[in-house]
Amino acid sequence: MKTTFQFIIYKILVASATAALLSACSLNPQNVNIDLNKTLPEVKTTIFSRAVRGLGRANRIYGRGPLKIMSKPMTDNTGTSLPTSGEIPRDITEMVKSTLNSIGGGILYVPYDPEFMLNTAQTGYSEWGEKLLPNVVLVGGITEFDRGLVTKEKALDLGGTLEELDLPIALEFGDIRKNSLASITLDFNMVDFRTFTGIPFMQAVNNIKVHKGVGEDQLGFTVYGQTLGLRGNIKKIQGRHAAVRLLVQLSVLQVVGKYQKLPYWRLLPDAEPDSIVLDAVREEFYSLEEADRIAKIQEYLYLYGKPVKVTGRLDKSTLDALQAFKSKHALGNATAVSEKVYLALFENIPIEPQTQARRRQANAMIENYQQNLRDLALQETVETVAEAPREVSEPPEVQSELGTLKVWLNKSEFQIGEHLEVFFEVTKPMFVRIVSINAAGQMATLFPNPHQSDNYTLPGEVYRIPPVDAPFTLSVAAPAGLDKIRAIAATQSIPASSLPLTEEGEFDQNKKEHFAFAGAEFEVVDNALEKAMN
């Protein structure tokens, strides 16, 4: 006696067998058509792609200046990518490159390719003087991969034959469902290119948990005497490579954001503030004089959207803007110029295109504020000199009013690629401009520069280019030969377009009554060229 269930099974088997036999005299898996989804190519994006671009905008808005980053090759340091048939990527270098190059906003990616650089140098295609050296180097890789933290499996097997209907056909069906949880960790560190030492606290260690789902459906039709073996295995790894890309993007955001002192956590969903960045901003606040603190707060208020000017004084518009800001952000009775207000302003500047446009206007106000400070210092100096007693019979010399200028270097001979350091000092308050002239006669301005924009200098201090812990270096470039450093000082601002220099790079002695001069020279040696010639 056959049950209703057996009858249904027979009907299914008969229908399946009939369809198979009618479709062809013999069933060949190579002739089975599979309908594949056809999709257009699309841009690869993740939940952090917009945050990466936002970091470049934040760098512009906060006025942090350019940063040149080189990335060393990064791989799977656990060694499990090959034994697991590529469940995680073996090399993540290209992911890091793409992430760095997509930041923008003054963050420049410098490729690491020694072979390419040497080849282009040997063929003469490359001019080293035009190449940029990195400020920092990014190192790291995949440091942990635990692939079987949790594993679950479900299976279903069905089978039957049509022998009772005198048909030599059997049907077998197997269904397996597996689920597991894996853990991947990525470590990044930042290294100072000039010293080849790690930069304290400039690191990121991130971990992600990834679910892996595997489904295996096996369907076998067997005609007695001829086995066809139509089998389909469906395997889907849910985003382990994509998860590594997320880790790369997140780690780059953290490391670059820390180094540039940016509130990068605002670009990430549900992220906590970074205490390292906030501590650096606190140090910045306490290192400023009172007037400069007010000027910085006015700068932040303007970027925030308030109609204030950068004056260094707590005028009515500034006090009104501060009161409105404190009310909105529940700062209570915090004083106007305080660490609490300073940090709140830092964390709440809008990272938007409109704010980036306001940054350009803020820079103009800051330059005007600094110029007013220089004019004030110069005026006080002139008044002091006017009040000082003088002998009428001996009028002061012009050179004495200018003061003297002294310049020197850290070395007198450099290999191409070595770092140059320029030092100078003045005996009276003066504007200073310093240029370098290489053996080919090409001139470049060393001071002022984007990181040392104030070239009004005061006596009693030794100035250094670049400053200690500056985010840039001066690298000696080709061609080999004698390079010159020319320093010029005056009581008025010195336009770059009208330097008192001859075509040969020497000082114009006809203008020495209006300028103070100082110079230095150094030899540039190309060891690579000498080795090639020998």
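1. Two strands are counted as paired here if DSSP finds at least two bridges between them. On that basis strand β1 (residues 67–71) is paired with strand β2 (residues 107–110), the two running parallel and being joined by four bridges. Within this pair, K68 stands opposite L108 in β2. The model under discussion is a predicted one, and the remarks below should be read with that in mind.

2. Strand β1 deserves a second look for its surroundings, since the strand is mostly covered, with five of its five residues buried. In a regular strand the side chains alternate between the two faces of the sheet. In β1, L67, I69 and S71 point one way while K68 and M70 point the other way, and all of these residues are buried. K68, the residue that faces L108 across the pairing with β2, is therefore counted as buried because its relative accessible area falls under 20%.

3. As for the overall make-up, the protein chain contains 12 helices and 18 strands. Of its 534 residues, 39% are buried. Among the contacts with a separation of 6 or more, 71% are made by residues that lie 24 or more positions apart in the chain.

4. Three strands form an open sheet in the order β8-β11-β15, with antiparallel pairing. Its edge strands are β8 (405–409) and β15 (463–465), each of which pairs on one side only. Neighbouring strands of the sheet are turned against each other by 20° on average, with direction ignored. Between β8 and strand β11 (residues 422–426) there are five bridges, and the two strands run antiparallel; in this pairing K406 is found opposite E425 in β11.

5. Strand β18 (residues 516–525) has seven of its 10 residues buried, so the strand is largely enclosed by the rest of the structure. What is the sense of its pairing with strand β9 (residues 413–415)? The two pair in the parallel sense, over three bridges, and Q415 stands opposite V525 in β18. With strand β17 (residues 481–490), by contrast, β18 pairs in the antiparallel sense over nine bridges, and here I485 is placed opposite A520 in β18. Strands of a sheet pair through backbone hydrogen bonds, either parallel or antiparallel.

6. I437 belongs to strand β12 (residues 430–437) and is buried, with a relative accessible area of 7%. Although I437 and R486 are 49 residues apart along the chain, their C-alpha atoms are separated by 7.9 Å. Once its neighbours within four places in sequence are left aside, I437 is in contact with Q442, M443, L482, D483, K484, R486, L501 and G505.

7. D146, which is found in strand β3 (residues 136–161), counts as partly exposed at 38% relative accessibility. Not counting residues up to four places away in sequence, D146 touches L181, A182 and S183. The C-alpha atoms of D146 and I184 are separated by 6.6 Å, while the two residues are 38 residues apart along the chain.

8. Turning to the helices, the axes of helix α6 (residues 275–287) and helix α9 (residues 339–348) come within 10 Å and cross at roughly 125°, which makes α6 oblique to α9. The crossing of these two helices is right-handed. On the α6 side the contact is made by V277, L278, V281, R282, E284, F285 and Y286, which meet E339, Y342, L343, F346 and E347 in α9. By class, the residues of this contact divide into eight nonpolar, no polar and four charged.

9. Helix α9 also packs with helix α7 (residues 290–304), in this case at an angle of about 35° and with the axes 10 Å apart. The crossing of α7 and α9 is left-handed. From α7, the residues K296, I297, Y300, L301 and Y304 meet Y342, L345, F346 and N348 in α9, and the contact comprises seven nonpolar, one polar and one charged residues. Y342 and F346 of α9 take part in the contact with α7 and are also listed in the contact with α6.

Conventions
Residues are numbered from 1 along each chain as its sequence is written. This is a predicted model: local features need pLDDT of at least 70, side-chain atom pairs count only at pLDDT 80 or more; totals for chains, interfaces and linings use all residues. Side-chain values use heavy atoms; hydrogens and water are left out. Axes are lines fitted to C-alpha atoms, for helices over the stretch in contact, and angles run from 0 to 180 degrees between N-to-C directions. Buried means under 20% relative accessible area, exposed over 50%, partly exposed in between (1.4 Å probe, protein chains only). Angles under 35 degrees count as roughly parallel, over 145 as roughly antiparallel, 65 to 115 as roughly perpendicular and the rest as oblique. A crossing is left-handed if the near helix is turned anticlockwise from the far one by less than a right angle, and right-handed if clockwise. Contact means heavy atoms within 4.5 Å. Ala, Val, Leu, Ile, Met, Phe, Trp, Tyr, Cys and Pro count as nonpolar, Asp, Glu, Lys and Arg as charged, and the others, Gly among them, as polar.
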